[in-house]
Amino acid sequence: MNAALRAVVLAAEHYGIETIAFRHGYQGLLENDAMPIKAKDVLHILQYSGTIIKSARCQRFKEADAAQEAAANLDSHNIDALVIIGGDGSFRGADHLANHWQGKIIGVPGTIDNDLYGTDMTIGYATAVNIAMDALDKIRDTADAMDRVFIVEVMGRDAGFIGLGSAMAAGAERMILPELQKEKPLTVAALVKHIQRVQEIRGEGSYVMVLSEHQWPGGAVALAEQLEAEHHLPCRPCLLGHIQRGGAPAPADRILASELGVHAVELLLAGEHRVMAGKRANERVAVPLPDTWQKKNPLDQNLLRIQHEIFNPVKKNRRT
Ligand code: F6P
């Protein structure tokens with residue numbers, strides 16, 4: 001988010017536009033907690049995750065009177081346009097505000113979940129996958145040494161992008177992802193069968209599984225207990241949690257944030273409103289805000305095929 005903020009402020013200054021930041025996002029908008037922000041304030045922040053202007057979850061912003069208050073606060077500073085960096089919750093808020101405010105609004109896709117339609121990648125996703133991959137690599141050392149099963153729980157809200165990306169990058173044996181669970185929920189019996197088959201084929205016990213959050217009752221801890229107690233498989237859980245949202249941003253995120261921050265300002269100058277500044281197939285795009293959460297980017301089917309049919313077949317093939 002810092003890299004995106006920096007890009008917005010630098011682009012605005014380049015085009016002779018004054019910028020004001022609201023601390024803590026919508027919460028700051030409601031509290032009229034504004035601060036002028038200039039190029040000198042953002043020059044060297046892109047190497048840090050998070051945001052120097054802070055962020056918050058703001059439930060109250062869903063209400064009509066909250067959006068009206070925000071509109072009045074924006075008008076009190078003579079603001080013409082608002083750039084919102086965030087995920088689907090932030091964009092729903094942006095669209096809601098647009099019903100009560102005359103200024104122009106552009107969204108910049110900032111979420112580790114990668115779950116916004118219309119852009120190939122969201123800012124934060126590459127970093128989160130990198131962190132999860134690094135953790136999986138480290139876990140693999142013990143899995144290998146002790147012939148153990150590990151379940152690594154990753155974030156992603158209702159989407160399996162972090163799960164799929166990190167599992168592929170680290171060569172995990174299994175993924176339990178929301179999209180797959182929706183299609184056909186995995187049973188413990190099927191999982192145990194897969195673990196045993198993979199272990200048998202490879203002649204070793206190392207088996208690392210990536211579990212997307214909210215996809216198993218009781219999460220990784222409960223599943224590990226069940227596998228160990230009921231099926232005698234030595235198994236340990238690992239919850240990555242919020243470490244996936246921190247640390248030095250990956251180069252891909254810094255570059256994407258820089259490009260989309262500038263794109264957002266240029267869209268405003270071109271008269272665009274109520275759209276997300278995105279990038280698709282190497283082209284800059286403007287996506288209507290409601291599309292970003294109403295439509296869905298599917299998981300990469302080819303990666304799923306490779307993982308499930310070639311690397312770790314979930315069904316018996318001729319060889320197995
Ligand atoms: O949307 C980003 C995300 O990190 C999700 O992956 C996760 O489910 C959620 O936010 C965590 O939110 P909080 O920090 O408010 O618990």
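# Notebook: two domains and a parallel sheet

**Entry 1, domains.** I started with the division of the protein: domain 1 covers 1–124 + 249–294, and domain 2 covers 128–245. I noted that this is a predicted model, and I keep that in mind for everything below. Next I looked up how far apart the two domains sit: their C-alpha centres are 34 Å apart. Where they touch, domain 1 puts in 7 residues and domain 2 puts in 11 residues. I sorted the domain 1 side of that contact by class and got 2 nonpolar, 3 polar and 2 charged residues.

**Entry 2, overall numbers.** I pulled the dimensions of the C-alpha trace, which spans about 70 × 35 × 30 Å along its principal axes. The protein holds 13 helices and 10 strands. Of its 320 residues, 44% are buried. I also checked how far contacts reach along the sequence: taking those between residues at least 6 apart, 72% join residues at least 24 apart.

**Entry 3, cores.** Which residues have the most contacts inside the largest nonpolar core? I found Ala4, Leu5, Val8, Val83, Ile106, Leu260 and Ala264, in a core of 50 residues. Apart from that one lies another core, this time of 45 residues, with Ile131, Ala170, Ala172 and Leu227 among them. I then went back to Leu5 and listed what it touches beyond four places away in sequence: Val42, Thr51, Ile53 and Ile85.

**Entry 4, the sheet.** I moved on to an open sheet of 4 strands, ordered β6-β7-β5-β8, with parallel pairing. Its edge strands are β6 (174–176) and β8 (235–239), each pairing on one side only. I looked up the twist too: neighbouring strands are turned by 20° against each other on average, direction ignored.

**Entry 5, strand β5.** This strand got a closer look. β5 (residues 149–154) runs parallel to β7 (residues 207–212), and the two pair over 6 bridges. Two of the matches I wrote down are Phe150 with its bridge partner Val208 in β7, and Val154 opposite Ser212 in β7. With β8, β5 pairs in the parallel sense over 5 bridges, and there Ile151 stands opposite Pro237.

Then I asked how many of the residues of β5 are buried. The count came back as 6 of 6. I split them by face: Val149, Ile151 and Glu153 lie on one side, Phe150, Val152 and Val154 on the other, and all are buried. I flagged Glu153 in the margin, as it is in that buried list.

**Entry 6, helix α7.** Last stop was α7 (residues 161–170), a mostly covered helix with 8 of its 10 residues buried. The buried ones are Phe161, Ile162, Gly163, Leu164, Gly165, Ser166, Ala167 and Ala170. Ala170 had already turned up in my notes, as a member of the core of 45 residues.

What covers the buried residues of α7? My list includes the helices α6 (125–146) and α13 (301–311), plus the strands β5, β6 and β7. So as not to miss the end of the helix, I checked what follows it: Gly171 comes after α7, and its phi is positive, near 65°.

Methods. Residues are numbered from 1 along each chain as its sequence is written. This is a predicted model: local features need pLDDT of at least 70, side-chain atom pairs count only at pLDDT 80 or more; totals for chains, interfaces and linings use all residues. A nonpolar core is a set of buried Ala, Val, Leu, Ile, Met, Phe, Trp, Tyr and Cys residues joined through C-beta atoms within 7 Å. A residue is buried if 20 or more other C-beta atoms lie within 10 Å of its own, exposed if 12 or fewer, and partly exposed in between; C-beta atoms are placed from the backbone. Two residues are in contact if their C-beta atoms, placed from the backbone, lie within 7 Å. Domain bounds come from an automatic or database domain assignment. Ala, Val, Leu, Ile, Met, Phe, Trp, Tyr, Cys and Pro count as nonpolar, Asp, Glu, Lys and Arg as charged, and the others, Gly among them, as polar. Two strands pair if DSSP finds at least two bridges between them. Axes are lines fitted to C-alpha atoms, for helices over the stretch in contact, and angles run from 0 to 180 degrees between N-to-C directions.
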